[in-house]
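Biologist: I've got a model open and I'd like to learn how to read it. Could you walk me through it?

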Amino acid sequence: MRKKVIAGNWKMNYNLHQSINFIESLKSEILKKERNCDIIICPNYIALSEAYRIIVNTPIKLGAQNIYFEENGAFTGETSADMVKSAGCEYVILGHSERRTIFNESDEIINLKIKQALKHRLKPIFCVGETLDEREKNLTKSVVKYQIENGLKKINYDDILNIIIAYEPVWAIGTGKNATPEQAEEVHYFIRDLIKEKYSSDISDKIIIQYGGSVKPENSRDLLSQENIDGALVGGACLKVDTFIQIIESC
Ligand code: PGA
């Protein structure tokens, strides 16, 4: 049985003080009872070490929203795997569609970042997904296959289970329009099959595949009850404690 993983991608929201207040109230809600899923929050870089101080020794885990693929050096404005690791991160979101489109990140760059994260024992949450145009042209599976093959190039057996895959159809991100549970399940099944082909059936049984794209309390139960959907990567609805908690409860 795969344990569900709910991750909150805060994107570029909340300053340091707002982040601290938010995490304090999330923590007090989380500690009220035992949960049967893993919970990850991914605030901005500025808030990471304070976030870690608040959540240490709780079930909440910490993730960064990005890293650079080089070790260190003259890369003004960038943040390394070692830096986010030293701030307390266990996870890092890589390949998010906003990084792919707004910041022109290619599959090759994403692959370098995944390798760099793994080298520092950070677990990548590796995002893939098609645009609306690609879905309408019936290209969903070939796009996702290309992203998986190239993003996971030269990632070996020992490392693959340290990666979470997040299927995030671009047309569902921040639009309020989620994939139906059936649409999502079809792609999740397809991804699991790709992992089986590339690695093994044991690995494909174990790998966590999250769904992301307009997950909210109204749709999380149906999405999470699909056989191959092992959790959610939540954007907008993770910015309020009550909606994030409701999604966690739907596991
Ligand atoms: P959304 O974002 O839940 O606001 O659609 C999801 C994501 O971008 O990871």
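Modeller: Let's start with an idea you'll need for helix pairs. A crossing is called right-handed if the near helix is turned clockwise from the far one by less than a right angle, and left-handed if the turn is anticlockwise. Keep in mind that this is a predicted model.

Biologist: Okay, which way does H1 pass H12, left-handed or right-handed?

Modeller: H1 makes a right-handed crossing with H12. Look at residues 16–30 for H1 and 241–249 for H12: their axes come within 10 Å and cross at roughly 35°.

Biologist: And which residues make the contact between H1 and H12?

Modeller: On the H1 side, pick out Phe22, Ser25, Leu26, Glu29 and Ile30. H12 brings Val241, Phe244, Ile245 and Ile248. Sorted by class, that contact has 7 nonpolar residues, 1 polar and 1 charged.

Biologist: Now the ligand. How many residues surround it?

Modeller: For a ligand shell, we count residues with a heavy atom within 4 Å. Here 14 residues surround the ligand, and the closest are Lys11, His96, Glu168, Gly174 and Ser214. By class, the shell has 5 nonpolar, 7 polar and 2 charged residues.

Biologist: Which polar side-chain atoms should I zoom in on?

Modeller: Try three. A side-chain N or O atom of Lys11 sits 2.7 Å from a ligand oxygen. For His96, a polar side-chain atom is 2.6 Å from an oxygen of the ligand, and for Glu168 the distance is 2.7 Å. As for cover, the ligand on its own has 280 Å² of accessible area, and the protein covers 95% of that.

How values were computed: Residues numbered from 1 in each chain as written. Predicted model: local features only at pLDDT ≥ 70, side-chain atom pairs only at ≥ 80, totals over all residues. Heavy atoms only, no water. Axes fitted to C-alpha atoms, helices over the stretch in contact; angles between N-to-C directions. Helix = DSSP H or I, 4+ residues; strand = E, 2+ residues; numbered from the N terminus. Contact = heavy atoms within 4.5 Å. Nonpolar A, V, L, I, M, F, W, Y, C, P; charged D, E, K, R; others polar. Polar contact = N/O pair within 3.5 Å; in protein donor to acceptor, adjacent residues only side chain to side chain. Areas by Shrake-Rupley, 256 points an atom, 1.4 Å probe, with all protein chains shown as cover.
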